[in-house]
Amino acid sequence: MEGCGEDGQVKLLGVAHSPFAVRVRIALALKGIHYEFIEEDIYNNKSELLLQSNPVHKKVPVLIHNGKPICESMIIVQYIEEAWGSKAPFLMPKDPYDRAIARFWAAFVDDKFTPSVWGVLMGEGEEQVKAVEESVANLLLLEEVLSGKAYFGGDEIGLVDIALGGVLIGVQMIQKVTHTVLIDTQKMPLLSAWAHKFCKANGMKEVLPDPAKLFELLSERRAKLTSPPAGN
């Protein structure tokens, strides 16, 4: 998308398959904000723009709005809601308490769930079994939070949906790569229905990572992580 217009100059530095960049793209798509997506080679050749825009972590995503950089995916998502607060849909509740609860569960996805599911990809044997158990326990908590709602945000996609939705395709592909079951349709009917609805929501197809490509990337990463060290 072109990054100039009534929304100002908007650029997003990211990687197409990064769950964190995906979160930002979801928020921008929902708000209908035009932006320029700049694909970064974060492993071999980080751009000067990235290094200047995020000198502390030197990571994506970075949103640049009218020349000012904002870093960290969920901080960016909240910035988008505040900067374009008059544009529907609204990504955060108006009530301060409800807003605090949304922030709590978004942080839960990052602090508890994401590390546990990453452990499923990286782990072997008992270590992987433990990571699966932790991931399932975390998902069951999210299942409870979803009770009685179409989305975590209520009738529309909100902050927690974006936090979890950004990593959703990755979770599905990690299940395939590792031959594990994390989102169990029997134990988690609400989350299973949510996942299907989320992927079919307006604008998601254009911003969610390609499952086949992500499967290939995660398969390669797991092979590197679990392969024995080369002999002398």
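The following exchange asks why certain labels apply in this predicted model.

Me: What makes the contact of Asp110 with Arg23 a salt bridge?

Reply: The closest N and O atoms of Asp110 and Arg23 are 2.7 Å apart. The cut-off is 4 Å between a side-chain nitrogen of Lys or Arg and a carboxyl oxygen of Asp or Glu, so the pair qualifies. Asp110 lies in helix α4 and Arg23 in helix α1, so the bridge ties together parts that are 87 residues apart in sequence.

Me: Is Arg23 buried or exposed, and how do you know?

Reply: Arg23 has 0% relative accessibility. Buried means under 20%, so Arg23 counts as buried. Its partner Asp110 comes to 27%. Partly exposed covers values between 20% and 50%, so Asp110 is put in that class.

Me: How many salt bridges are there in the whole structure?

Reply: The search finds 2. Besides the pair of Asp110 and Arg23, Lys31 and Glu81 meet in a salt bridge, with 2.9 Å from N to O. That value is within the 4 Å limit, so the label holds here too. Lys31 lies in helix α1 and Glu81 in helix α3, so this pair ties together parts that are 50 residues apart in sequence.

Me: Why is Lys31 called buried?

Reply: The relative accessibility of Lys31 is 3%, and the class requires a value under 20%, so Lys31 is buried. Glu81, at 4%, is buried by the same rule.

Me: Why is the pair of Phe104 and Trp105 called edge-to-face?

Reply: The ring centres of Phe104 and Trp105 are 5.1 Å apart, and the planes stand at 90 degrees. Rings pair if their centres lie within 6.5 Å, and planes over 60 degrees apart count as edge-to-face. Both conditions are met, so the pair is edge-to-face. The whole structure has 5 aromatic pairs. Phe104 and Trp105 also form one aromatic cluster with Phe108.

Me: Which accessibility classes do Phe104 and Trp105 fall into, and why?

Reply: Phe104 has a relative accessible area of 48%. Exposed would need over 50%, so Phe104 is partly exposed. Trp105 has 17%, which is under the 20% limit, so Trp105 counts as buried.

Me: What makes Arg25 a charge over the ring of Phe37?

Reply: The charged end of Arg25 is 4.2 Å from the ring centre of Phe37. The distance limit is 6 Å, with a further condition of being within 35 degrees of the ring normal. The distance is within its limit, and the charged end is found to sit over the ring. Lys94 is placed likewise over the ring of Phe90, with its charged end 4.5 Å from the centre.

Me: How many cavities of 30 Å³ or more are there, and what volume does the largest cavity have?

Reply: The count comes to 1 cavity of 30 Å³ or more. The largest cavity has a volume of about 50 Å³, which is over that threshold. Among the residues that line the cavity are Phe113, Leu139, Trp194 and Ala195. Helices α6 and α7 (189–200) each give two or more residues to the lining.

Me: What makes the lining of the largest cavity nonpolar?

Reply: The lining has 9 nonpolar residues, no polar ones and no charged ones. Phe, Leu, Trp and Ala are among the types that count as nonpolar, so Phe113, Leu139, Trp194 and Ala195 belong to that class.

Me: What volume does the largest pocket have, and which residues are the closest to its centre?

Reply: About 1,300 Å³ of space lies in the largest pocket. Of the 45 residues lining the largest pocket, the closest to its centre are Ser18, Pro19, Phe20, Tyr43 and Arg221. The lining divides into 23 nonpolar, 9 polar and 13 charged residues.

Me: What is known of the second largest pocket?

Reply: The second largest pocket has a volume of about 300 Å³. Among the 19 residues lining the second largest pocket, Pro93, Asp98, Ala102, Phe152 and Gly153 are the closest to its centre. The largest share of the lining, 5 residues, comes from α4.

Note on methods: Residues numbered from 1 in each chain as written. Predicted model: local features only at pLDDT ≥ 70, side-chain atom pairs only at ≥ 80, totals over all residues. Heavy atoms only, no water. 1 Å grid on protein atoms, 1.4 Å probe; cavity = no way out; pocket = protein on both sides within 12 Å on 5 of 7 lines; lining within 4 Å. Points joined across faces, edges and corners; volume = space filled by probe spheres on them. Helix = DSSP H or I, 4+ residues; strand = E, 2+ residues; numbered from the N terminus. Phe/Tyr/Trp six-rings, centres within 6.5 Å; stacked < 30°, edge-to-face > 60°. Buried < 20%, exposed > 50% of the residue type's maximum accessible area, 1.4 Å probe, protein only.
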